[in-house]
Amino acid sequence: MSYPCLEVVCGNCGTTINRMINLKSIRDSIRPSSGRCNKCGISLNPTDFSLNTVKQ
């Protein structure tokens, strides 16, 4: 059985901010990193994200 996986990726540098199996809102996904990218430090705005689906 395959479970949906969600990756939150920084649009500035491409770093994966969070990867999870349980689906959460973008706001909840970026909260552990204080709303910033861990690599480049850019502030992440939940309204600036788009969703893409990829079958693996």
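The exercises below work through a predicted model of one protein chain, each with a solution in steps.

**Exercise 1. Layout of the chain**

Task: Find how many helices and strands the protein chain has, and state the pattern they follow along the sequence.

Solution: Begin with the count, which gives 1 helix and 2 strands for the protein chain. Then read along the sequence, where the pattern is β-β-α. To complete the overview, note that the protein chain has 56 residues, of which 25% count as buried, and that it exposes about 4,600 Å², with carbon and sulfur atoms supplying 48% of that area. Finally, among contacts between residues at least 6 apart in sequence, 22% join residues at least 24 apart.

**Exercise 2. The two strands**

Task: Describe how S1 and S2 run relative to each other, and name the bridge partners of Val8 and Val9.

Solution: First take the direction: S1 and S2 run antiparallel, and 4 bridges join them. Next take the partners one at a time: Val8 has Asn18 of S2 as its bridge partner, while Val9 is partnered by Thr16, also in S2. Then look at the hairpin itself, which has 6 residues between the strands, and in which Gly14 takes a positive phi near 85 degrees. Lastly, consider the faces of S1: Leu6 and Val8 form a covered face, whereas Glu7 and Val9 form an uncovered one.

**Exercise 3. The nonpolar core**

Task: List the residues of the largest nonpolar core, and say which elements each supply at least two of them.

Solution: The list holds 9 residues in all, namely Leu6, Val8, Cys10, Ile17, Met20, Ile26, Ile30, Cys37 and Leu44. Strand S1 (6–9), strand S2 (16–20) and helix H1 (26–30) each supply at least two residues of this core. A general tendency fits here: in soluble globular proteins, nonpolar side chains tend to be buried together. As a last step, follow one member, Ile17, whose contacts beyond four places in sequence are Val8, Val9, Cys10, Ile30, Ser33, Cys37, Asn38 and Leu44.

**Exercise 4. The salt bridges**

Task: Identify the residue pairs that form salt bridges, and state how exposed each partner is.

Solution: The count comes to 2 salt bridges. In one of them, the side chains of Arg19 and Glu7 meet at 2.6 Å, N to O. This pair links distant parts of the chain, with Arg19 in strand S2 and Glu7 in strand S1, 12 residues apart. Arg19 counts as exposed because its relative accessibility is 53%, and Glu7, at a relative accessible area of 40%, is partly exposed. In the other, the side chains of Arg31 and Asp28 meet at 3.0 Å, N to O. Here Arg31 is exposed, with a relative accessible area of 52%, whereas Asp28, at 34% relative accessibility, counts as partly exposed.

**Exercise 5. Cysteines without a disulfide**

Task: Explain why Cys10 and Cys37 are not joined by a bond between their sulfur atoms.

Solution: Start from the cut-off, since a disulfide requires a pair of cysteine sulfur atoms within 2.5 Å. The sulfur of Cys10 has its closest cysteine sulfur in Cys37, and because the separation is 3.7 Å, the two are too far for a bond. Then repeat the test from the side of Cys37, whose closest cysteine sulfur lies in Cys13 at 3.6 Å, again too far for a bond. The count of disulfides therefore comes to 0 under this cut-off. As for their surroundings, Cys10 is buried, with a relative accessible area of 3%, and Cys37 counts as buried at 4% relative accessibility.

**Exercise 6. The segment after the helix**

Task: Place Ser34 and Pro46 in the chain, and describe the backbone of Ser34 and the contacts of Pro46.

Solution: First, Ser34 has its place in the segment after H1, and Pro46 lies in the segment after H1 as well. Second, phi of Ser34 is near 60 degrees, which is a positive value in a residue other than glycine, and Ser34 is exposed, with a relative accessible area of 64%. Third, Pro46 is partly exposed, with a relative accessible area of 22%, and, leaving aside neighbours within four places in sequence, Pro46 is in contact with Ile26, Arg27 and Ile30. Finally, the C-alpha atoms of Pro46 and Gly35 are separated by 8.5 Å, although these residues are 11 residues apart along the chain.

Note on methods. Residues are numbered from 1 along each chain as its sequence is written. This is a predicted model: local features need pLDDT of at least 70, side-chain atom pairs count only at pLDDT 80 or more; totals for chains, interfaces and linings use all residues. Side-chain values use heavy atoms; hydrogens and water are left out. A nonpolar core is a set of buried Ala, Val, Leu, Ile, Met, Phe, Trp, Tyr and Cys residues joined through side-chain atoms within 4.5 Å. Buried means under 20% relative accessible area, exposed over 50%, partly exposed in between (1.4 Å probe, protein chains only). Contact means heavy atoms within 4.5 Å. Two strands pair if DSSP finds at least two bridges between them. Accessible areas come from the Shrake-Rupley method with a 1.4 Å probe; for residues, only the protein chains shown count as cover. A salt bridge is a side-chain nitrogen of Lys or Arg within 4 Å of a carboxyl oxygen of Asp or Glu.
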